[in-house]
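I open these notes to record what I looked up in the structure shown here. The entries follow the order in which I consulted it.

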Amino acid sequence: MGMVSDRDLEAARSLPDEFLKLTGPPPDRVIELVNSYWDAYGHQRRAELVQALLPVLVDMMNQGQCRMDVYRGLCEGIVAMWLKRQSNASEKAG
């Protein structure tokens, strides 16, 4: 199984803070963030990550930004699992 880079984990942990700095509808913000960090992956794969992150970031927004460390950890876990699935899919295809 492929390793998840420190760069990817740092990016994932920054998602909640960056999400709050952006304007526009929440789905558009998440798409922008995912595309900015993981544009090397195909559209469908990035869409899966957006779908996984969106409820977490919307919940954070609705909770009034309390417990930011919890949301940073959730985003980190979601991205790490998604990246591991991408690595596993590549190994099976290869």
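**Aromatic rings and the nonpolar core**

I began with the aromatic side chains and found that ring pairs link Tyr37, Trp38, Tyr41 and Trp82 into a cluster. I note that the model is a predicted one.

I then looked up how many aromatic pairs the structure holds, and the number is three. One of them joins Tyr37 and Trp38, with 5.4 Å from centre to centre and 50° between the planes, and it is classed as tilted.

Are Tyr37 and Trp38 buried, partly exposed or exposed? I took under 20% relative accessible area as the limit for buried. Tyr37 has 21% relative accessibility and therefore counts as partly exposed. Trp38 has 2%, so I entered this residue as buried.

Trp38 led me to the largest nonpolar core, which has 23 residues; Trp38, Leu49, Leu53 and Val79 are the members that touch the most others. I checked which helices supply this core: α1 (6–21), α2 (26–37), α3 (43–62) and α4 (68–93) each give at least two residues. The greatest contribution comes from α4, with eight residues.

I next examined Val79, setting aside its neighbours within four places in sequence. Val79 is in contact with Asp8, Ala12, Leu15, Trp38, Leu49 and Leu53. I remark that Trp38, Leu49 and Leu53 also appear with Val79 among the core members that touch the most others.

My last entry concerns a charge and a ring. The charged end of Arg29 sits over the ring of Phe19, at 4.5 Å from the centre of that ring.

How values were computed:
Residues numbered from 1 in each chain as written. Predicted model: local features only at pLDDT ≥ 70, side-chain atom pairs only at ≥ 80, totals over all residues. Heavy atoms only, no water. Core = buried A, V, L, I, M, F, W, Y, C linked by side-chain atoms within 4.5 Å. Buried < 20%, exposed > 50% of the residue type's maximum accessible area, 1.4 Å probe, protein only. Helix = DSSP H or I, 4+ residues; strand = E, 2+ residues; numbered from the N terminus. Contact = heavy atoms within 4.5 Å. Phe/Tyr/Trp six-rings, centres within 6.5 Å; stacked < 30°, edge-to-face > 60°. Lys NZ or Arg CZ within 6 Å of the ring centre and 35° of its normal.
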